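Got your viewer open? Let's take a short tour, one selection at a time.

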Amino acid sequence: MSSRTFITGIAASFGIAWLAVIVVPYLKMRDLAPAPFKESTSTAGIFIPKRTGRIADGAKVYAENGCYLCHTQVVRPTYAGNDLYRPDWGGLKDDEARGDTRRETNAYDFDGETFAQIGVSRMGPDLSNLGRRLDALQAKGVDPEQWLFLHLYNPRLNAERWNSNCPPHPFLFRKREIKGAPSASALPVAAADGFEVVPGSDARALVSYLLSLKKDQPVPASLDFSPPKNDGGS
Ligand code: HEC
């Protein structure tokens, strides 16, 4: 091979690469408009979950007790399996103030958490938007905090969940003697005369964490790959 062919060869290889990776993409993208933020520019009314204090303590209790072994916190990208057809997993289908808030999970949903507790298996329901479902319960007159305490103590005490496979966690509660008026957060369970069952500090922290699980706040269009809402079904 003559040195001239060699130099032409080198020049062509670099030239083609330069055209393909620099010039062509530049020509294609130089006029693109920035992706718009679909919602109004103000963040008023948008819930950005708090991830400090008792909620962060609750996340630890969640991890310590292996809740993540059976509960995910990922509303999957639709190409990997549609979760949005469940009206209450990716958000609420009919939020009174905001309409249909269902969307897929993105990495920023775990911002500020020590661990992204995406979960190991889905024996139980996804908890990404548990807080929203509990809000809906509250609208029906149920106290979400008390509902969770009873569920954690023993899920089967809820008549609708008599065959629940969520393990009971009675060790997060303690029995104590009633002194004066009974505690407002005492569980409706039988205890010896003059005694009541009340949530311990771990149960309280865990419930704060569970109530805070709301991952359906609007995100910029560049982060939201959810399919059009009318494809979500149900
Ligand atoms: C062995 C698997 C398993 C583990 C571990 C587990 N759960 Fe569950 N969980 C389930 C199953 C199954 C259900 C569905 C049945 C029911 O609603 O009780 C459920 C339901 C729930 C629900 C009701 C969700 C809803 O939207 O109806 C909550 C809240 C919950 N679990 C919280 C927890 C917490 C907190 C922990 C850890 C302290 C935990 N679970 C550990 C299996 C598990």
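Which protein donors does the iron atom of the ligand have? Keep in mind that this is a predicted model, then select the iron and look around it. You'll find His71, which donates through NE2, and Cys166, which donates through SG, lying 2.0 to 2.2 Å from the metal.

Why is the arrangement around the iron called octahedral? Check the angles: the six donor atoms subtend 87 to 178° at the iron, so the arrangement counts as octahedral. For six octahedral donors, the ideal angles are 90 or 180 degrees.

Now trace the chain from one protein donor to the other. His71 is in the loop between α2 (53–64) and α3, while Cys166 is in the loop between α4 and β1 (173–177), so this pair ties together parts that are 95 residues apart in sequence.

Next, select the whole ligand. It sits in the largest pocket. Of the 20 residues around it, the nearest are Cys67, Cys70, His71, Arg161 and Cys166. Sort that shell by class and you get ten nonpolar, eight polar and two charged residues.

Color the helices now. Both α3 (130–139) and α4 (144–153) give the shell at least two residues each, and α4 has the largest share, with three.

Last stop: polar contacts. Pick these side chains one by one:

- His71: a polar side-chain atom is 2.8 Å from a ligand nitrogen.
- Arg133: a side-chain N or O atom is 2.9 Å from a ligand oxygen.
- His151: a side-chain N or O atom is 3.2 Å from a ligand nitrogen.

Conventions
Residues are numbered from 1 along each chain as its sequence is written. This is a predicted model: local features need pLDDT of at least 70, side-chain atom pairs count only at pLDDT 80 or more; totals for chains, interfaces and linings use all residues. Side-chain values use heavy atoms; hydrogens and water are left out. A residue is near a molecule or strand if one of its heavy atoms lies within 4 Å of it. A polar contact is a pair of N or O atoms within 3.5 Å; within protein, one must be able to donate a hydrogen and the other to accept it, and residues adjacent in sequence count only if both atoms are side-chain atoms. On a 1 Å grid over the protein atoms alone, a cavity is a set of points where a 1.4 Å probe fits but cannot get out, and a pocket is an open set with protein on both sides within 12 Å along at least five of seven lines; lining residues have an atom within 4 Å of a point. A molecule sits in a cavity or pocket if more than half of its atoms lie within 2 Å of its grid points. Helices (H or I, at least four residues) and strands (E, at least two) are DSSP runs, numbered from the N terminus. Ala, Val, Leu, Ile, Met, Phe, Trp, Tyr, Cys and Pro count as nonpolar, Asp, Glu, Lys and Arg as charged, and the others, Gly among them, as polar. Donors are N, O and S atoms within 2.8 Å of the metal (3.2 Å for Na, K and Ca); water is not among the atoms, so sites may look incomplete. Four donors count as tetrahedral if all angles lie between 85 and 135 degrees; four count as square planar and six as octahedral if opposite donors are over 155 degrees apart and all others between 65 and 115; anything else is irregular.
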